[in-house]
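I opened this notebook to record what I looked up, step by step, for someone who has not met this structure before. Each entry takes up one topic.

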Amino acid sequence: MTKEKVAIIGASHGGHEAALELLTQSDNFEVTIFEAGDFVSFMSCGMTLYLTGRVPEAEAVRNFKPADIESLGGHVLNNTKVTGIDADKQVLTLNGDTKAQFAYDKLILSVGVTPARLALPGSENANIVPMRGYESAKQLKTYIDDASVENIAVIGAGYIGIEAVEAMVEAGKHVTVLDLLPRVLGAYLDADMTTRITDALIEHGVAVHVGEVIKRYKGDDNGRVTAVVTDAGEYPADVVIEGIGVKANTSEFADVLQLDQRGWIETDRYLRTNLPNVYAIGDAIKPFYIPSGKQQPVALASTARREAQYVAHTIINGEAKAPFKGVVGASALSVFEYNFASAGLNEVTAQRSGVEIASVTLVDTRRPAFVPDVSGNGEIIVRLAYTPETQTIVGGAVMAKHYDVTAHGNTLALAIAQRLTLTDLAEADFFFQPGFDRQWSSLNLAAQKALGYGEFTK
């Protein structure tokens, strides 16, 4: 039997998952992954593990090696950039050579994103590095190991930027973090949590400058960056790390793919593009976002893998039984002694999405009051966002010092995905054991506070 040829553009999370599903769940497909870069499947989300020495080799920070897919019967072609799609003939052009072509029956676009860069005077100076990708990871490690590099400026106080800040502080560098937004992590957490994180950054010697516009980079006679200039001041920098966001890798296909004004691929609820037999997944698309009820970018590895699994099973089954359910956008981060997990909407993202929310914050102990801090007790902060009319939970975050809150984060993600209400969460039956939790879980108590239940203090 002739196998159906499935081409996958992009070897990161989405491409990897799609190939795995197709090759392990069916014998009917010939799968080929095309990767433009040399190093296949570097995980930028694991970069700080390498920079801080928790993973000793950059080469280990990857999803898979080409041999892993090839052992399943698939093919991985690195250094092979797909530069054109002929949707009528169902043929790809490779590396800009019209004679180098690849015919497909089904095509999965997992083209991903590249770091956005600031186009400023002085951007041509050396030692300005994006916080993404294998080559950047190697370069940043050399700066960490170079004692002459003392001052690091991090542009962008989101997840990526804050990870860079902590890695450089741990390496003994003097770090300045700058952002246009008025708060660090302002697009991820509400002010009652970001204030605490800002205080922690300052306590660890970080110079925090938010609400400032970056004007230019200064350099020396050798073409190396020396300072960052904003509308409020000038900050010394031997190295600048840019973590200001991403842009979709879609310019090569703008002539045939339907894109939005920012370059994101337009898909329907079945993750189909405007081209026949062409699906799109991963960071360069706008999946259905459950908290807002709209299609919008959610650039997370977990999102890409869910999309890839859905598309692979659609191809295997010949059709989709239902639209892609959507994603919640859950994530977690540690910032020095603080750990937090979040999911769904907060005040900033709700406003951007045009969703009206109400919110509540619970600050309490995570175990019964009789358990002392030295025995594992301590403060926990829970933030819930919900729709005022229906009281449906659409977002939330949990934060604590020296304590793993990711289980609470996963519970919030499930609550949002299942469209639970405040009452559902207030009355949810969670376990109690004083070595782990309260008689009412912190999540129970936050929802009960929003509903006006009597305060439970034990």
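Which side chain meets that of Glu242 in a salt bridge? I looked this up in what is a predicted model, and I found that the partner is Arg117, with 2.6 Å from N to O. I then noted where the two sit along the chain: Glu242 belongs to strand β16, residues 239-242, while Arg117 lies in the loop between β8 (113-115) and β9 (128-130), so that the pair links distant parts of the chain, 125 residues apart. Searching the whole structure, I obtained 18 salt bridges.

Entry on domains. I read the division of the protein as domain 1 (2-112 + 245-315), domain 2 (126-243) and domain 3 (331-449). I chose the pair of domain 2 and domain 3 for a further look, and I noted that their C-alpha centres lie 30 Å apart.

Entry on the interface. I found 21 residues of domain 2 in contact with 24 residues of domain 3. The size of an interface is often given as the accessible area lost when the parts come together. For domain 2 and domain 3 I recorded a buried area of about 2000 Å², to which carbon and sulfur atoms contribute 63%. On the domain 2 side, I saw that Tyr159, Met193 and Arg196 lose the most area to domain 3, and that together they make up 32% of what that side buries.

Entry on polar and charged pairs. Side chains of opposite charge can pair when their charged atoms come close. Across the interface of domain 2 and domain 3 I counted 3 salt bridges, and I also looked up the salt bridge between the side chains of Asp192 and Arg383, at 2.9 Å from N to O. Across that interface I listed 9 residue pairs in polar contact. Turning to the elements, I found that α5 (159-170) and α6 (191-203) each supply at least two residues of the side of domain 2 that touches domain 3, and that α6 gives the most, with 7 residues. Sorting that side by class, I noted 12 nonpolar, 2 polar and 7 charged residues.

Entry on the record. In an unreviewed UniProt entry I read "domain: FAD/NAD(P)-binding" for residues 5-308; in the model, the end C-alpha atoms of this span lie 17 Å apart, and the span is 22% helix and 28% strand. The unreviewed entry also places "domain: Pyridine nucleotide-disulphide oxidoreductase dimerisation" at residues 335-438, a span whose end C-alpha atoms I found 25 Å apart, with 23% helix and 32% strand.

How values were computed: Residues numbered from 1 in each chain as written. Predicted model: local features only at pLDDT ≥ 70, side-chain atom pairs only at ≥ 80, totals over all residues. Heavy atoms only, no water. Domains from an automatic or database assignment. Contact = heavy atoms within 4.5 Å. Buried area = accessible area lost by both parts, 1.4 Å probe. Salt bridge = Lys/Arg side-chain N within 4 Å of Asp/Glu carboxyl O. Polar contact = N/O pair within 3.5 Å; in protein donor to acceptor, adjacent residues only side chain to side chain. Helix = DSSP H or I, 4+ residues; strand = E, 2+ residues; numbered from the N terminus. Nonpolar A, V, L, I, M, F, W, Y, C, P; charged D, E, K, R; others polar. UniProt positions renumbered as here; feature names shortened; annotations may be inferred.
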